[in-house]
Amino acid sequence: MTDVAKLAGVSAQTVSRVSNGSPGVVETTRAQVLAAMKELGYRPNSAARALKSGRFHTLGVILFNISTTGNTRTLEAIATSAAQEGYAITLLPVAVPTQDSVRGAFTRMGELAVDGVIILMEAHLLDASTVTLPPRTHVVVADSNAGDRYRVVDTDQIGGARAAVRHLLELGHDTVWHVAGPADSYSAERRVDAWRTALRSRRREVPEPLRGDWTADSGYRAGLRLAQEPGCTAVFVANDQMALGVLRALHEQGRTVPGEVSVVGFDDLPEAASFLPPLTTIHQDFSEVGRRCVEELLAQIRSDEAGTGTTLVPTRLVARASTAPPPDTE
């Protein structure tokens, strides 16, 4: 650093500020320092900087099932937002969502040089007393009801499900059937509860929900059963992928959409507008969830204080061609 400062004609403190990306350095001076670094082959020693500052400028991400649309898009936003703040991410996937594997993930993450952890997995795996966080580890959890113990960032699942049911009832449907996600998913359960509450609040019949596993195949199987229900004119599906399977099953069974059955999904996948017919769905902003996870975690790191409570990211209905009034009201 002293050699760089001498070649650039600046102080060592200025070199340090440039290497740390600190604001307030005149651009011409910054360019001189960077040119000197390049000429001398100088790279800041991140380990030494961490020892001095106590910060590694790395965020850990623990997640289960990296292949799901929500996790992929949220993770992308986390990586982008972290990079904009000068942080890298260390990814630690959990292959099987069990207490032992989650406990092992926390143990491994505690051994790594990270300043805080973002958790993208079902929060009930954090409930057991055997799962403990490393001391002084700052944590943000996405998609969870654990706001009494951690800082949580979540989509407004309840508001989205209510909007889906309201949309279908206002079109004139007597009730709304539901294809739910897995019973061990908090987001699926919040959507089920909100769907049921919305129907009961309007004194409508509440059909028995059908269960899927977020995949189009499970939606297809549910759709085959719904196609045999003559009173089914409206379906709220807990995600767009299952809705795709429902649309296929209804089509194969001769039930037209939206002529006979209206379908609403949840997620607003980029492909949802290209479904046949284009899918009415609830838009959730995965990018905003990821951005806020980083924002909340960095706030904890910078204040050196743990956080609790929940931040909700709004949802909105995107009306397309898969919903219409029921046949007898057109």
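## Exercises on salt bridges

Glu 189 is partly exposed, with a relative accessible area of 24%. Keep that value in mind as you work through this predicted model.

**Exercise 1.** Find out which residue Glu 189 meets in a salt bridge, and where the two partners lie.

*Solution.* Start with the side chain of Glu 189: together with that of Arg 211 it makes a salt bridge, at 2.8 Å from N to O. Next, place the pair: Glu 189 belongs to helix H8 (residues 186-201) and Arg 211 to strand S7 (residues 210-211), so this contact links distant parts of the chain, 22 residues apart. Finally, look at the partner's surface: Arg 211 has a relative accessible area of 40%, which makes it partly exposed.

**Exercise 2.** Decide whether Arg 30 and Glu 27 are each buried or exposed.

*Solution.* First, locate them: both sit in helix H3 (residues 27-40), 3 residues apart, about one turn of the helix. Their closest N and O atoms are 3.5 Å apart, and they form a salt bridge. Now apply the cut-offs. Arg 30 has 16%, and because buried means under 20%, Arg 30 is buried. Glu 27 has 57%, which is over 50%, so Glu 27 is exposed.

**Exercise 3.** Describe the salt bridge between Glu 252 and Arg 248.

*Solution.* Begin with the distance, which is 2.9 Å from N to O. Then find the element: both residues lie in helix H10 (residues 240-252), 4 residues apart, about one turn of the helix. Last, check accessibility: Glu 252 is partly exposed at 42%, and Arg 248 is partly exposed at 45%.

**Exercise 4.** How many salt bridges does the whole structure hold?

*Solution.* A search of the whole structure gives 12. For a further look, visit Glu 288, Arg 291, Arg 292 and Glu 295, which a network of salt bridges links.

Terms used:
Residues are numbered from 1 along each chain as its sequence is written. This is a predicted model: local features need pLDDT of at least 70, side-chain atom pairs count only at pLDDT 80 or more; totals for chains, interfaces and linings use all residues. Side-chain values use heavy atoms; hydrogens and water are left out. A salt bridge is a side-chain nitrogen of Lys or Arg within 4 Å of a carboxyl oxygen of Asp or Glu. Helices (H or I, at least four residues) and strands (E, at least two) are DSSP runs, numbered from the N terminus. Buried means under 20% relative accessible area, exposed over 50%, partly exposed in between (1.4 Å probe, protein chains only).
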